[in-house]
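This briefing sets out selected features of a structure for a reader at the bench. Please view the sequence and the structure alongside the notes below.

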There are 2 protein chains.
Amino acid sequence: MTPTSHPRLLACLDGEVADRPPIWFMRQAGRSLPEYRLLREKAPDFIAFCLNPEMAAEATLQPVRRFNFDAAIVFADILLIPLALGQKVWFEAGEGPRLGELPEMSRLRDGIAQVEEMLAPVGETLRRVRAELDPSRALIGFAGGPWTVATYMLEGRGGDRAAARATAFSQPELVDGIIDVLVEASAIYLAMQVRAGAQVLQLFESWAELLPEDLFERLVSRPHARIVARLRELGVDVPVIGFPRGAGALVEEYAFVAKVNCIGLDVQASAAVGRRLQANGWAIQGALDPLLLRAGGAAMETRVRQLLDQWGLGPYIFNLGHGILPDTPLAHIEQVVRLVSEP
Amino acid sequence: MTPTSHPRLLACLDGEVADRPPIWFMRQAGRSLPEYRLLREKAPDFIAFCLNPEMAAEATLQPVRRFNFDAAIVFADILLIPLALGQKVWFEAGEGPRLGELPEMSRLRDGIAQVEEMLAPVGETLRRVRAELDPSRALIGFAGGPWTVATYMLEGRGGDRAAARATAFSQPELVDGIIDVLVEASAIYLAMQVRAGAQVLQLFESWAELLPEDLFERLVSRPHARIVARLRELGVDVPVIGFPRGAGALVEEYAFVAKVNCIGLDVQASAAVGRRLQANGWAIQGALDPLLLRAGGAAMETRVRQLLDQWGLGPYIFNLGHGILPDTPLAHIEQVVRLVSEP
């Protein structure tokens with residue numbers, strides 16, 4: 001428990017195993033917090049909120065203040081990239097995101113040049129957060145995985161992804177073209193986040209499930225590898241966490257192809273697979289079920305201890321296997337932080 | 001290509017590798033066939049149709065006549081068991097199944113005694129099919145996996161399963177009690193199907209996805225193992241195919257715990273995992289994407305050859321990774337049967 005200014009999360013991503021794992025939660029900022037809901041009342045438009053550095057920085061810091069998490073993750077949205085590329089994006093209250101017509105491929109390609117300037121406010125958010133954040137806490141930047149973002153761009157909303165997968169079969173050039181644009185745009189956006197203070201990057205591939213092996217490699221693993229390679233070309237050397245939610249039996253193949261530094265595991269993670277990944281040099285992150293966090297009680301406590309026992313001897317970042325549910329009792333989050341912090 | 005009366009599917013389940021894999025498709029009977037849609041016009045109520053041996057036998061045989069599949073699977077529904085246990089079940093046109101209130105646990109337990117009599121028409125369907133089916137074709141009986149059936153019983157419909165998973169956390173005794181009833185009812189029902197002519201049994205666990213490892217073992221793998229053990233106690237020695245759709249990284253643990261003879265793999269199957277299962281003594285089945293079958297074309301042909309190449313040297317039953325989609329062109333099905341039959 002020696003407090004130092006070197007963030008525990010970064011040490012873990014370097015392969016160090018300390019007295020306890022670092023902990024943060026996906027969607028730790030946002031609707032589960034009353035202070036966030038108050039803040040949002042001042043800026044009801046979600047995109048405007050994400051692009052307001054003062055408010056987005058406050059939202060980023062709120063959960064770290066309240067729960068003393070080991071990391072802050074910049075408050076933003078994976079759909080800022082299609083927005084920056086020239087596709088209309090808005091949020092219907094209570095229904096989630098909607099996207100306008102998919103622009104022509106040539107316009108999307110031209111859009112890459114605007115990404116850095118259009119998303120400069122996210123850089124400003126990171127600078128503000130870094131200035132306020134305790135140096136012992138890590139700051140995480142992120143982008144959506146190209147396939148996940150492409151499904152929104154193709155379907156115009158979140159959905160069953162079956163339509164996007166069908167398009168990947170029937171119009172491969174279209175889908176591969178969108179992925180190419182997203183790989184380059186994401187690398188530029190993530191490099192900008194690192195220059196603004198992000199010390200770790202995460203790729204949220206929320207919808208890796210149900211992809212056949214050949215499609216998974218084409219649409220998920222290789223595009224991630226290309227983003228990582230492009231980041232290195234751009235001089236970015238911070239660790240990258242890849243989170244291919246739903247990768248299932250393909251998660252180890254993902255690790256070997258994508259060449260990220262840490263593998264985010266979803267709620268269905270296998271203890272044995274996690275240990276194999278650690279033995280092969282990866283840090284791992286996850287995999288507490290957000291439904292169990294919401295349910296709480298003895299079952300939650302048992303599962304937290306089980307995760308610590310099964311993975312705690314290797315580099316392991318305690319986290320959920322998916323984002324916090326909005327109606328999660330805050331006392332449950334406090335309890336898990338306590339269980340992980342005082343083993 | 002020696003035609004014998006010993007069904008190719010049974011030889012494969014015995015571990016034999018022949019000149020080509022056997023082939024059948026999940027949901028091969030039903031809405032994708034015009035002759036089925038004609039038949040259904042005579043009995044619009046779906047439950048009544050399932051419990052009408054003349055019509056159900058005809059629906060079972062239609063796809064084998066048309067496509068020359070290596071197996072027929074009895075036309076029935078996984079929700080016949082809750083119906084037999086005393087829960088109301090009906091189908092809303094275009095919307096899928098609806099279930100009435102969950103009966104008290106004591107009533108569900110009492111319901112087990114009615115299963116065999118209530119579902120006797122399914123036995124009669126099997127006898128009629130067996131009498132007409134060419135002896136070289138195998139006849140498959142089935143039941144839903146207990147967890148999948150329990151999610152319908154708990155939620156009153158198909159859905160996101162999150163509510164059922166939350167109940168598994170918050171009311172474990174209730175969920176475990178339902179699973180116990182379903183294990184016993186399924187074993188009785190499946191044993192009856194074998195006495196009526198089924199030569200193979202399949203457990204359709206359609207919703208194994210998103211279950212944390214401890215829950216997966218508790219709700220999927222162990223209940224399957226108990227069904228298999230109970231079948232053996234009841235003197236049933238036919239091979240059992242377990243299909244835990246969405247088991248992901250847990251599919252090998254499933255194989256070792258559930259002790260079924262063949263593992264059904266979903267669309268996201270890993271080639272390497274499939275080969276390991278074969279090397280460890282299991283036959284495998286799957287995993288062509290139904291969306292790719294619907295899309296057709298060169299991509300479909302390439303993927304079919306890839307599946308044959310990657311698994312054809314071990315016991316492999318060619319199948320989909322999920323059911324046929326209703327709007328699948330029949331020419332695509334014919335083409336896949338041809339590709340598999342004339343390699």
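**Strand pairing, symmetry and core**

In chain B, Ala72(B) is placed opposite Leu139(B), a residue of strand S4(B). The model is a predicted one. The notes below begin with the sheet around this pair, then turn to the relation between the two copies and to the nonpolar core.

*The sheet of chain B*

- Strand S1(B) and strand S4(B), the latter comprising residues 138–144, pair in the parallel sense over three bridges.
- Chain B holds an open sheet of seven strands with parallel pairing, and their order is S1-S4-S5-S6-S7-S8-S9.
- The edges of this sheet in chain B are strand S1 (71–73) and strand S9 (316–320); each has a single partner strand, so one side of each lacks a neighbour in the sheet.
- On average, neighbouring strands of the sheet are turned by 25° against each other, direction ignored.

*The two copies*

- A turn of 180° with a shift of 0.0 Å along the axis lays chain B on chain A with an RMSD of 0.0 Å.
- The two copies are therefore related as by a two-fold rotation axis.
- Both copies use the same surface, since 100% of the contact residues of chain B recur in chain A.

*The nonpolar core*

- The largest nonpolar core has 240 residues, of which Ile81(A) and Ile81(B) touch the most other members.
- Beyond its neighbours within four places in sequence, Ile81(B) is in contact with Val115(B), Ala143(B), Gly144(B), Val149(B), Leu182(B), Ala185(B), Ser186(B) and Tyr189(B).

Technical notes
Residues are numbered from 1 along each chain as its sequence is written. Chains are lettered from A and ligands numbered from 1 in the order in which they are written. This is a predicted model: local features need pLDDT of at least 70, side-chain atom pairs count only at pLDDT 80 or more; totals for chains, interfaces and linings use all residues. Two strands pair if DSSP finds at least two bridges between them. Helices (H or I, at least four residues) and strands (E, at least two) are DSSP runs, numbered from the N terminus. Axes are lines fitted to C-alpha atoms, for helices over the stretch in contact, and angles run from 0 to 180 degrees between N-to-C directions. Copies are superposed by least squares on the C-alpha atoms of residues with pLDDT of at least 70 in both. Two residues are in contact if their C-beta atoms, placed from the backbone, lie within 7 Å. A nonpolar core is a set of buried Ala, Val, Leu, Ile, Met, Phe, Trp, Tyr and Cys residues joined through C-beta atoms within 7 Å. A residue is buried if 20 or more other C-beta atoms lie within 10 Å of its own, exposed if 12 or fewer, and partly exposed in between; C-beta atoms are placed from the backbone.
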